[in-house]
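Reader: I'd like a close look at one part of this model, the helix you would start with and whatever packs around it. Could you walk me through that, and then work outwards to the sheets and the empty spaces?

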Amino acid sequence: FDAFYSLYDTVVEDRRLAEPGSVKAGVISFLDRLSCRLADAVLIDTEANRDYICTRYRLDSSRFHVIPAGAPEGFDAPFDTSVRPICGTTTVLFQGSYVPLQGAETVVRAAALLRRRPDISFRMIGSGQTRAEAESIAVSEGLGNIVFIDWMSLDGLRQETGRADICLGIFGTGGKAGRVIPHKVFAALAMDRPVITADTPAARELLEDGISALFCPPGKPEALAGCIEKLADDPSLREALAAKAHELDHSVFSTGMVAMRL
């Protein structure tokens, strides 16, 4: 059974689409537990997720196998670096489904703190639960350094990732945010892009702060803005993170390596 993530954790605890203790929440919890109990082997993306599910449902962890999510297909293909923005500007990319664990509000508030830096701009791609709130903050703050873009094709996302100077992970403060590493982080690593993401147990399973990514406390716009400025002002650090990302992708996260592990 490919558990990838807990339905209960996603629907009830992170997205708040069902109240804890409700019939809907009970059915979702039952499905989570039954699916894992019936399987001879359960695939899960992080040790933190495995521990959460095994503890919540009192399951035997020996049947769980941790397999990294990896990047979407095609993100490890060569990219034409000539299409990147002009030297001297820094493009920061957020892409996601705007579920709470993404922490889109934190990104927008970090952009507000960096409005004094005309050389730093933000591109926020996607749609979902918290996008309206994120856009509302940008409007109320009068931000001209953010462009909101609707979802695009996988090839479009690949082009945007390859053009970005800095790619953002997740910054939510909920429990699930601490237990996952999203596809977009692996996609950025596969394309040799420097990544900033929240300092979480899941992130620390596979990444090192200041070596393969920059970590910042979840839900802290000031800390995120500081990390963005640090990378914007230090091209050598960006290059070092990108080089380590390339190494990690080829040795651990590539489709071939994930398949071998499976």
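Author: Happy to. Let's start with α6, where the buried residues are G156, L157, R158, E160, T161 and G162. Keep in mind that this is a predicted model. What covers those buried residues? The cover includes the strands β4, β5 and β7, along with helix α7.

Let's take β4 next. 6 of the 6 residues of β4 are buried, so this strand is largely enclosed by the rest of the structure. T90, V92 and F94 point one way from β4, while T91, L93 and Q95 point the other way, and all are buried. On the pairing side, β4 runs parallel to β5, and the two are joined over 6 bridges. One detail to look up on screen: F94 has M124 as its bridge partner in β5.

Zooming out, you can place these strands in an open sheet of 6 strands, ordered β6-β5-β4-β7-β8-β9, with parallel pairing. The edges are taken by β6 (146–149) and β9 (214–216), each of which pairs on one side only. If you ignore direction, neighbouring strands of this sheet are turned by 20° against each other on average. Further along that order, β7 (residues 166–168) and β8 (residues 195–198) are also a parallel pair, this time over 2 bridges. There, C167 stands opposite V195 in β8.

Now for the helices on this sheet. α7 lies across β4 (90–95), β7 and β8, and it runs at about 155° to β8. Helix α9 (residues 221–232) packs on the sheet too, touching β4, β5 (120–125), β7, β8 and β9. The direction of α9 makes about 160° with that of β9.

Within α9, have a look at A225. A225 is buried, with a relative accessible area of 5%. Leaving out residues up to four places away in sequence, A225 touches A110, L113 and L114. The C-alpha atoms of A225 and A111 are separated by 7.1 Å, although these residues are 114 apart along the chain.

Back to α6 and α7, since both turn up in the lining of the largest pocket. This pocket has a volume of about 470 Å³. It is lined by 24 residues, and the closest to its centre are S97, Q102, P182, H183 and K184. The elements that give two or more residues to the lining are α1 (7–14), α6 (154–163) and α7 (183–190). Which of them gives the largest share? That would be α7, with 3 residues. If you're thinking about the chemistry of the wall, the lining residues divide into 13 nonpolar, 6 polar and 5 charged.

There is enclosed space as well. Rolling a probe the size of a water molecule over the atoms shows where empty space is left. The structure holds 2 cavities of 30 Å³ or more. The second largest cavity brings us back to where we began: its lining is made up of L93, Q95, T161, C167, L168 and K184. You'll recognise T161 from the buried residues of α6, and L93 and Q95 from one side of β4. The elements that contribute two or more residues to this lining are β4 and β7. The space inside comes to about 30 Å³, and by class the lining has 3 nonpolar, 2 polar and 1 charged.

The largest cavity holds about 50 Å³ of space. I170, V180, I181, P182, V185, T197, A198, T200, A203 and L207 line it. By class, that lining has 8 nonpolar and 2 polar residues, and no charged ones. P182 in this list is also among the residues closest to the centre of the largest pocket.

One last piece for your picture is another open sheet, made of 3 strands in the order β1-β2-β3, again with parallel pairing. β1 (2–4) and β3 (64–66) stand at the edges with a single partner strand each, so one side of each is left without a neighbour in the sheet. Neighbouring strands here are turned by 25° against each other on average, direction ignored. β2 (residues 42–44) and β3 are paired in the parallel sense over 3 bridges, and V42 stands opposite F64 in β3.

How values were computed
Residues are numbered from 1 along each chain as its sequence is written. This is a predicted model: local features need pLDDT of at least 70, side-chain atom pairs count only at pLDDT 80 or more; totals for chains, interfaces and linings use all residues. Side-chain values use heavy atoms; hydrogens and water are left out. On a 1 Å grid over the protein atoms alone, a cavity is a set of points where a 1.4 Å probe fits but cannot get out, and a pocket is an open set with protein on both sides within 12 Å along at least five of seven lines; lining residues have an atom within 4 Å of a point. Grid points are joined across faces, edges and corners, and a volume is the space filled by probe spheres set on the points. Helices (H or I, at least four residues) and strands (E, at least two) are DSSP runs, numbered from the N terminus. Ala, Val, Leu, Ile, Met, Phe, Trp, Tyr, Cys and Pro count as nonpolar, Asp, Glu, Lys and Arg as charged, and the others, Gly among them, as polar. Two strands pair if DSSP finds at least two bridges between them. Axes are lines fitted to C-alpha atoms, for helices over the stretch in contact, and angles run from 0 to 180 degrees between N-to-C directions. Contact means heavy atoms within 4.5 Å. Buried means under 20% relative accessible area, exposed over 50%, partly exposed in between (1.4 Å probe, protein chains only).
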